[in-house]
Amino acid sequence: MTIDKAKQLLESINPSKPQLLDCLEDLCKEYGYIQGMTIGNLRDLVSGRKTLAEIQNLIEQIKEKIKCTN
């Protein structure tokens, strides 16, 4: 859901800064969770989730959008 929410915000014309910040926070939590599971050798438990590279890319895009939002 976090990934879908991020993609929707990136596609929307005028997302609010609070929406973008909330989404960024959620993406960072998701990234940390998957990274922790990977480090703990439990990656198979989160195999249906997006890769760390995909989430990192969305994080960078959201950060850029925040910079452009007043």
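Two residues are in contact here when heavy atoms of theirs lie within 4.5 Å. With that in hand, I opened this predicted model and started at Leu58. Leaving out residues up to four places away in sequence, I found that Leu58 touches Ile3, Ala6, Lys7, Leu10 and Leu27.

**Confidence.** I checked how far to trust the chain. Its mean pLDDT is 87, and 90% of the residues reach 70 or more. Among the elements, helix 1 (residues 2-11) has the lowest mean, 90, and helix 3 (residues 52-68) the highest, 92.

**The core.** Next I looked up the largest nonpolar core, which has 14 residues. Leu58 turned up again: along with Cys23, Leu27, Ile55 and Ile62, Leu58 touches the most other members. Helix 1, helix 2 (17-39) and helix 3 each give two or more residues to this core. In soluble globular proteins, nonpolar side chains tend to be buried together.

**Helix 1 against helix 2.** I then followed this pair. Their axes come within 10 Å and cross at roughly 145°, and the crossing is left-handed. On the helix 1 side I noted Thr2, Ile3, Lys5, Ala6 and Leu9, and on the helix 2 side Gln19, Leu20, Asp22, Cys23, Asp26 and Leu27. The residues of this contact divide into six nonpolar, two polar and three charged.

**A lysine to look at.** Is Lys65 of helix 3 buried or exposed? Lys65 counts as buried because its relative accessible area is 19%, and the cut-off is under 20%. Setting aside neighbours within four places in sequence, I found Lys65 in contact with Leu9, Leu10, Ser12, Pro15 and Leu20. Pro15 is 50 residues from Lys65 in sequence, yet their C-alpha atoms are 8.9 Å apart.

Note on methods:
Residues numbered from 1 in each chain as written. Predicted model: local features only at pLDDT ≥ 70, side-chain atom pairs only at ≥ 80, totals over all residues. Heavy atoms only, no water. pLDDT = per-residue confidence, 0-100. Helix = DSSP H or I, 4+ residues; strand = E, 2+ residues; numbered from the N terminus. Core = buried A, V, L, I, M, F, W, Y, C linked by side-chain atoms within 4.5 Å. Buried < 20%, exposed > 50% of the residue type's maximum accessible area, 1.4 Å probe, protein only. Axes fitted to C-alpha atoms, helices over the stretch in contact; angles between N-to-C directions. Left-handed = near helix turned anticlockwise from the far one by under 90°. Nonpolar A, V, L, I, M, F, W, Y, C, P; charged D, E, K, R; others polar.
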